[in-house]
Amino acid sequence: MTRPSDEQLHERWRDQPAPLLPLLHELHERDGYLSEEALRGVAKALRIPIAELFGTVTFYHHFAREPGGLEAPRVCTGPVCRLRGAGDLLDSLDGAVSMPCSGRCDEPVPVLRGSSTLVGLAADALESRPSPLPPAAPAGIEECIFAEMRTEGRAGLEGYRSSGGYDALKTAVLESTGPEVIRTITDSGLAGRGGAGFPTGRKWSAVADAAGDPKTIVCNADEGEPGCFKDRVIMDYDPHAVIEGMALAAFATGATRGFIYLRYEYPETEGILEAAIAEAEAAGLLGDGILGSDVDFKLYVRRGAGAYICGEETSLLNSLEGKHPFPRNRPPYPVTHGFEGLPTVVNNVETLAACAPILRNGPDWYRGLGRGDNAGTKIISLSGDVVRPGNYEIPLGLPLRELIDDWAGGAYEGRNVQAVTMAGISGGFLAGEDLDVDLDEASVRERGSMLGAGGIMVFDDSRDMIDVAHSAMEFFAHESCGKCFPCRIGTQRLTERLAGKAGPKELSDWLDEVRDLGETMKETSACGLGMAAPLISESLVKYFPERVAQHVTSVR
Amino acid sequence: MSDNIDGGGNGALSTMTLDGEDVGFTPGETVYEVSERYRREIPTLCYDERLEPFGGCRLCIVEVEGSHNPVASCTTKAAPGMKVTTKSGRLDMHRRVLLELVASENRDLDVDPMSGYASGEMATLLDRYDARTGRFLGMQSGTSHPDDPNPFILRDYENCISCFRCVRVCAEQEGDYAISVMNRGFGTQITTEFDGILKDSACTFCGQCIQTCPTGALADLKALASKDVPGETKLTRTICPYCGVGCSVDLMTRGDQVVGVLPAMDGPANHGALCVKGQFAFDFIGHKDRLDTPLVRGDDGQLHPATWDDALDKAAAGLLAAVDNHGRHSLYVVASGRAPTEAAYMMQKFVRAGLGTSYIDNCSRA
Ligand SMILES: Cc1cc2nc3c(=O)[nH]c(=O)nc-3n(C[C@H](O)[C@H](O)[C@H](O)COP(=O)(O)O)c2cc1C
Ligand code: SF4
Ligand code: SF4
Ligand code: SF4
Ligand code: FES
């Protein structure tokens, strides 16, 4: 293949929707870094002021600005990989740099090299492997999203259609109406699986009712939360379920274009999605006049470049639009002022993947999958010190202990669970008696935490919780966008205090600072990152006061 | 999706409650704007009324009934029936912590008041909220550019609190997009393209970023250089002499020396904006080459001091001689762009009626 010129690349992307990220990626991959010359060309071609473009490029962790940068191995040093020797791996690989949790906690340690993911525990044992399938569900458990996923060939169109795939879309566009689709989704009780838990039917109906065209469906596949790797497995093994969910959302709301915003660290997934979209287009399931109806829906994949905050929906929209990815002030919300200021649905991968099965099997079926009053299922990405880490689709309301001990084989021989993180790390820790909690949003919130996107990392009694808390806070500090004072400075100060690098030596003063900082971050931060970060320090102090006292008085 | 805050103006009564008092508002106004009108003293650091509200400093938080967390009043639109509290123990506690935090990241809390128009904003708030406590100490943020070789703008980012007022004023007011935000989180840094110097960027040295900076991280190097000029600094409201726009300025003087220029934020023509000339080019005032009396060229070919009468006679004679020798259309008269409209009018009248030609122009026309 000949090397495309800057001009050819500008020409290719200039008139495409959301062109900045794909154009930068092409240049990045062509040259192995983003040169000053290439960036000046992009600024001209897309009419972005050069200072602004430069600033925006520096926001993303994975855009290299020195020759050879893209080829440097990037080793995950996330909370689980650290326990599996990521530090040694980092030291033993030539020119390696670290990256935050890259979503492979069920099979550590991932290393990104160029555009591929390798995994392994030592430098000479790295290999490229398909991402792990979810472990089988215990007998008697009915799944929604994973029900067919383990079937060979499921990722292809034929495999997907063999068990009713695209039937829901067909019925919808040929026999049903938008409002009927929305009613079914509303009745099913489906709520956002990306973290915030907003009722999906209400979101779709707000977009359907909002004035302004064209409308957009965005699939949030940024999955940057440490300890979360569920969206990856859905996209890798069931891409058509996501596509069908997006097409249904488009039909229900009148949207005509869609984007899958995929996190940078899933390069293989991009190929899988692109192939599935091409298949669906060829079969008339996407594009103009879906299945002979008058419904149009064009779908694009856009790849992020390494920024956790770009999973926050308004930051994501700014990123798609080629702007500096600070979160926006809300209201107005994306349902009325989303992509390019027009009505937009932003939904998580898991939320969208649940839609087709719900429409096929009915809202009561989905509701019935939960325990007690809880509607439906939730995928939990379970990792850390458990015998069988992996993605588990649980009935909402399942006790945490049951998941860890019965489903995942419990702690290692001779060890006990000391603490778990919730919502990846955004829910802080649960420990002690609070480990006896049911996994549904209300029950977890009663314990001062969140279920959120469903990442749970287990730490057994051999782990130092100060160290765990420090690495979690360091992540938040690394990923804080810098827009608002409480989070920009607060995550830094909490990290320094957990590292023992700064802060009062008197325990009571230390606790006062950490508490005041936490209160102000929780109540005044401009987005969920700064609000969630202090749950780490707060729950650490709550469950491990002696260890905290020892930490404060022993340092320096 | 919002339960309590929408754009307002849905035809309902435009009244809301501010600290228990019923107040009116115009749909589209923010809670901050309404509170300002009713003389509430809400602290801010990222706010500049000329710019789009940003919502970064979070000092302007207020409590809104029905909302769990306080909201930033600068980015929240007033809505009918909204019940807002602008002062409470909880708000004061948060504001103080936020101020203690910014104090903890900077090298200096107090800067020379000659630094710029808003340069004392942070220090004033630190005093108002008793926030000079030394809590939350840790690493300091920002990398200064003491080596940026321009004569006008100090770039001392060790005193920067990342309010981005400079970046926003440059984009929104000046339209230059010369500076931007680099990196993220605590590593956030104000930058030009490729982290270079201002001279190599799109900067026009208008100085607006200096005047909006609330900490003196960006400062007026020329005004700061007047340190050794004795006397109190006095401000005199006047109009920039350079062009016909008529930007209002406050001249800073010590004794009879002009030591700097502050743009007038309430100037009707400029709202705090100036260009490089109005902001920095005042050295001519005391320059040795400046003309302070008419000069007339004598038979020896040299210029000699003269009276106005002599000088005007000499000029009139020269103009008449040109008309006599070459006809009235041999003259072409250009008015200075620094002349106000009235003077330009006089010029054309004089040329048309007095010299008899319509060959006139103005140097601002090009
Ligand atoms: C810091 C932060 C990071 C987030 N990251 C993600 C993410 O990676 N994926 C996601 O779906 N939602 C993420 N969210 C939540 C989104 O803002 C949004 O609520 C969600 O995508 C909506 O989809 P849902 O209603 O289907 O959950 C994040 C939120 C915050 C505050
Ligand atoms: S809370 Fe953190 S991530 Fe969110 S806007 Fe503020 S600085 Fe950015
Ligand atoms: S001096 Fe004017 S043009 Fe230059 S950076 Fe400041 S605001 Fe922008
Ligand atoms: S230099 Fe001044 S105006 Fe600019 S971000 Fe820093 S503190 Fe704000
Ligand atoms: S003035 Fe509202 S957040 Fe700064």
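Mentor: Let's settle the residue classes before we look at anything: Ala, Val, Leu, Ile, Met, Phe, Trp, Tyr, Cys and Pro count as nonpolar, Asp, Glu, Lys and Arg as charged, and the others, Gly among them, as polar. Also keep in mind that this is a predicted model.

Trainee: Okay. By class, what does the shell around ligand 3 have?

Mentor: That shell has seven nonpolar, two polar and one charged residues. You can check it against the names: B:Ile153, B:Cys170, B:Asp176, B:Ile179, B:Cys203, B:Thr204, B:Phe205, B:Cys206, B:Gly207 and B:Cys209 are the residues around ligand 3. B:Cys203 goes into the nonpolar class under this scheme.

Trainee: Which residues are the closest to ligand 2?

Mentor: Out of 13 residues that surround ligand 2, the closest are A:Cys481, A:Cys484, A:Cys487, A:Cys527 and A:Gly530. Sorted by class, the ligand 2 shell has eight nonpolar, four polar and one charged residues.

Trainee: And how many residues surround ligand 1?

Mentor: Ligand 1 has 20 residues around it, with A:Gly194, A:Lys203, A:Asn347, A:Asn348 and A:Thr351 as the closest. For a ligand, look at the backbone as well as the side chains. Here a polar backbone atom of A:Gly194 sits 2.7 Å from an oxygen atom of ligand 1. A:Gly224 has a backbone N or O atom 3.5 Å from an oxygen atom of the ligand, while for A:Gly311 the partner is a nitrogen atom of ligand 1, 3.2 Å away.

Trainee: Let's turn to the interface. How much area do chain B and chain A bury between them?

Mentor: The size of an interface is often given as the accessible area lost when the parts come together. For chain B and chain A that comes to about 4200 Å², with 61% of it on carbon and sulfur atoms. Chain B puts 49 residues into the contact and chain A puts in 53.

Trainee: How many residue pairs are in polar contact across it?

Mentor: The rule finds 26 such pairs across the interface. On the side of chain B that touches chain A, α2 (89-105), β7 (179-182) and β8 (189-192) each supply at least two residues. The largest share comes from α2(B), with nine residues. By class, that side of chain B has 26 nonpolar, 16 polar and seven charged residues.

Trainee: How many salt bridges does the rule find between the two chains?

Mentor: Five. In one of them, A:Glu523 pairs with B:Arg90, the closest N and O atoms being 2.8 Å apart. Another pair is B:Glu105 with A:Arg488, also listed at 2.8 Å for the closest N and O atoms. That pair runs from helix α2 of chain B to helix α20 (residues 485-499) of chain A.

Trainee: Are B:Glu105 and A:Arg488 buried or exposed?

Mentor: B:Glu105 is buried, and A:Arg488 is too. Salt bridges can also join up into networks: A:Asp512, A:Arg515, A:Asp516, B:Arg96, B:Glu100 and B:Arg135 are linked in one.

Trainee: How are A:Arg515 and A:Asp512 placed in helix α21?

Mentor: They are about one helical turn from each other, because they are three residues apart in helix α21 (residues 507-524) of chain A. Their salt bridge has its closest N and O atoms 3.3 Å apart.

Trainee: Why does A:Asp512 count as partly exposed?

Mentor: The partly exposed band runs from 20% to 50% relative accessible area. A:Asp512 counts as partly exposed because its relative accessibility is 31%, and A:Arg515 is partly exposed as well, at 47%.

Trainee: What about a residue that is buried: where does B:Ser73 lie?

Mentor: B:Ser73 is in the loop between β4 (71-72) and β5 (83-85) of chain B. Its relative accessible area is 0%, so B:Ser73 is buried. When a polar residue is buried, look for its polar partners. A polar atom of the B:Ser73 side chain is 2.7 Å from the backbone oxygen of B:Cys60. Leaving aside neighbours within four places in sequence, B:Ser73 has contacts that include B:Thr30, B:Tyr32, B:Ile42 and B:Val62.

Notes
Residues are numbered from 1 along each chain as its sequence is written. Chains are lettered from A and ligands numbered from 1 in the order in which they are written. This is a predicted model: local features need pLDDT of at least 70, side-chain atom pairs count only at pLDDT 80 or more; totals for chains, interfaces and linings use all residues. Side-chain values use heavy atoms; hydrogens and water are left out. Helices (H or I, at least four residues) and strands (E, at least two) are DSSP runs, numbered from the N terminus. Buried means under 20% relative accessible area, exposed over 50%, partly exposed in between (1.4 Å probe, protein chains only). A polar contact is a pair of N or O atoms within 3.5 Å; within protein, one must be able to donate a hydrogen and the other to accept it, and residues adjacent in sequence count only if both atoms are side-chain atoms. Contact means heavy atoms within 4.5 Å. Buried area is the accessible area (1.4 Å probe) that two parts lose on being put together, summed over both. A salt bridge is a side-chain nitrogen of Lys or Arg within 4 Å of a carboxyl oxygen of Asp or Glu. A residue is near a molecule or strand if one of its heavy atoms lies within 4 Å of it.
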